[in-house]
Amino acid sequence: MSSVIKIRKTRRRNMRNMSNSTHVSDNKNEKHSNNRSKSCKLLCYDELPDYMKDNEFILKYYRAEWSLKNAFFSLFMWHNETLNIWTHLVGFALFVGLTVVNAAHVSEAVDLFGLFRTSSSGPSTNSSHDSGNLLLDMTKLLDVNHTNPNGVHQTRHIDDGAVRWPFYIYLSGSMFCLISSSVCHLFCCHSHHLNLWLLRMDYTGIAVMIVTSFFPAMYYIFQCQPVWQITYLVGISIFGAFTIVTLLSPTLSSGRCRNFRAILFVSMGLFGVIPAIHACILNWDNPRRNLTLAYEAGMALSYLTGTVFYVSRIPERWKPGFFDLVGQSHQIFHVFVVIGALTHYGAALVFMEYRDQVKC
């Protein structure tokens, strides 16, 4: 009898322990679920840590102190950085595509389906880098053997055309800038330490893009004036290095110094005014002069317009909270940066075409 009673007590004790264990487990799962939900919560401006308070006119949909995993998957969520990420991510993909098709000599893609057709040297002739002929010309430059128009098989050398490395330096600088910007906006919500380093990388990317954009123009235009070519390239490179070193300061990476950073980047761009005037004087009778000036003016206008939006914080300044997700100044700034980069790409094609045809 006593043994039966002991067995029953043991069963009751086991059942009680199992119940408590299940309750504790449920509490842990609920707590973990709440923590995970809390960690992915979008915050208002007033709830942000001080280091993330950059634009008081964007009121909601902030990410803060998110894990790297959650920050990465926020790439596919709607928050106030979504379009900042995707505008430059799409731009990066576009420049990767342009780099690949240039290397593979896909004519129509290189010319962006006719958007960057260059002017002819005469009133009725097509440029050799027009969309229909660019593939043929560039393929001939790389083919060791080909047949000339008279049907005679002959050998060509790869160095018959202008070198391409200044052009690819520009493409590389543009890609670095665009991907740095996207990564910065994606992961800047993780921690103060990572936020600071990502901002430095972002500003470095902008400086690199500005410096590398000088390479096609300065190299091809002043190829027959090597002293000026080296002077301008070294000058902008030193200016860019100074800018990067300056912006590595934590103080200058903060939101309070946005105007100073804008002035610094604009000054780098304005460095190009002197070689631009010099180039116009040297090439005043060149039939491509007006086209290249139009491209470069379009690039400058795009960058300056984007900078105005960046500094003024228009339009969210006019209606705080209305542009939290779409239409804020930084998104507009990003779009103008991509437009400016593509415009300069068109100019670089013209520079290369000219040096393919005209030697020193």
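Start by selecting Arg-200 and Trp-197: Arg-200 lies over the face of the Trp-197 ring, 4.6 Å from the ring centre. You can find a second arrangement of this kind by selecting Lys-319 and Phe-322, where Lys-319 lies over the ring face at 4.2 Å from its centre. Keep in mind as you explore that this is a predicted model.

**Zoom out to the whole chain**

Now show everything as a cartoon. The chain holds twelve helices and two strands. Followed from the N terminus, the elements read α-α-α-α-α-β-β-α-α-α-α-α-α-α. Of the 360 residues, 44% are buried. Switch on a surface, and you are looking at about 19,200 Å² of exposed area, with carbon and sulfur atoms supplying 66% of it. Among contacts between residues at least 6 apart in sequence, 68% join residues at least 24 apart.

**Colour by confidence**

Next, colour the chain by pLDDT. The average is 80, and 73% of the residues score at least 70. Which helix has the highest confidence, and which the lowest? Helix 6 is highest, at a mean of 97, while helix 5 (residues 134–142) is lowest, at 38. Then select residues 28–37: pLDDT stays under 50 here, and the model has zero contacts for this stretch beyond four places in sequence. Residues 151–159 also stay under 50, but for them the model has 19 such contacts. Where pLDDT is low, the predicted coordinates should not be read in detail.

**Step into the core**

Hide the surface and select Leu-48, Phe-95, Phe-167, Met-218, Tyr-220, Phe-265 and Tyr-345. In the largest nonpolar core, which has 66 residues, these touch the most other members. Helices that each supply at least two residues of this core include helix 3 (82–104), helix 6 (165–187), helix 7 (192–221) and helix 12 (329–357). The largest share, 15 residues, comes from helix 7.

Now centre on Phe-95. Beyond four places in sequence, what does Phe-95 touch? Its partners are Tyr-170, Leu-171, Ser-174, Met-175, Leu-178, Ala-341 and Leu-342.

**Follow the rings**

The model contains 15 aromatic pairs. Phe-95 and Tyr-170 form one of them, an edge-to-face pair with 6.4 Å between the centres and 80 degrees between the planes. Phe-95 belongs to helix 3 and Tyr-170 to helix 6, so this pair ties together parts that are 75 residues apart in sequence. Both residues are buried.

Move on to Tyr-310 and Phe-333. Why does this pair count as tilted? The ring centres are 5.1 Å apart and the planes meet at 40 degrees, so the pair falls between stacked, which needs under 30 degrees, and edge-to-face, which needs over 60. Tyr-310 sits in helix 11 and Phe-333 in helix 12, so the pair ties together parts that are 23 residues apart in sequence. Tyr-310 and Phe-333 are both buried.

For a group of rings, select Trp-165, Phe-215, Tyr-219 and Tyr-220, which ring pairs link into a cluster. Tyr-220 was also one of the core residues that touch the most other members.

**Last stop: Asn-195**

Finish in helix 7, where Asn-195 lies. Is Asn-195 buried or exposed? Its relative accessibility is 9%, and it counts as buried because the cut-off is under 20%. Show its surroundings, leaving aside neighbours within four places in sequence, and you will find Asn-195 in contact with Tyr-51 and Cys-188.

How values were computed. Residues are numbered from 1 along each chain as its sequence is written. This is a predicted model: local features need pLDDT of at least 70, side-chain atom pairs count only at pLDDT 80 or more; totals for chains, interfaces and linings use all residues. Side-chain values use heavy atoms; hydrogens and water are left out. A nonpolar core is a set of buried Ala, Val, Leu, Ile, Met, Phe, Trp, Tyr and Cys residues joined through side-chain atoms within 4.5 Å. Buried means under 20% relative accessible area, exposed over 50%, partly exposed in between (1.4 Å probe, protein chains only). Helices (H or I, at least four residues) and strands (E, at least two) are DSSP runs, numbered from the N terminus. Contact means heavy atoms within 4.5 Å. Accessible areas come from the Shrake-Rupley method with a 1.4 Å probe; for residues, only the protein chains shown count as cover. Rings of Phe, Tyr and Trp (its six-membered ring) pair if their centres lie within 6.5 Å; planes under 30 degrees apart count as stacked, over 60 as edge-to-face and the rest as tilted. A charge sits over a ring if NZ of Lys or CZ of Arg is within 6 Å of the ring centre and within 35 degrees of the ring normal. pLDDT is the predictor's confidence in each residue, from 0 to 100.
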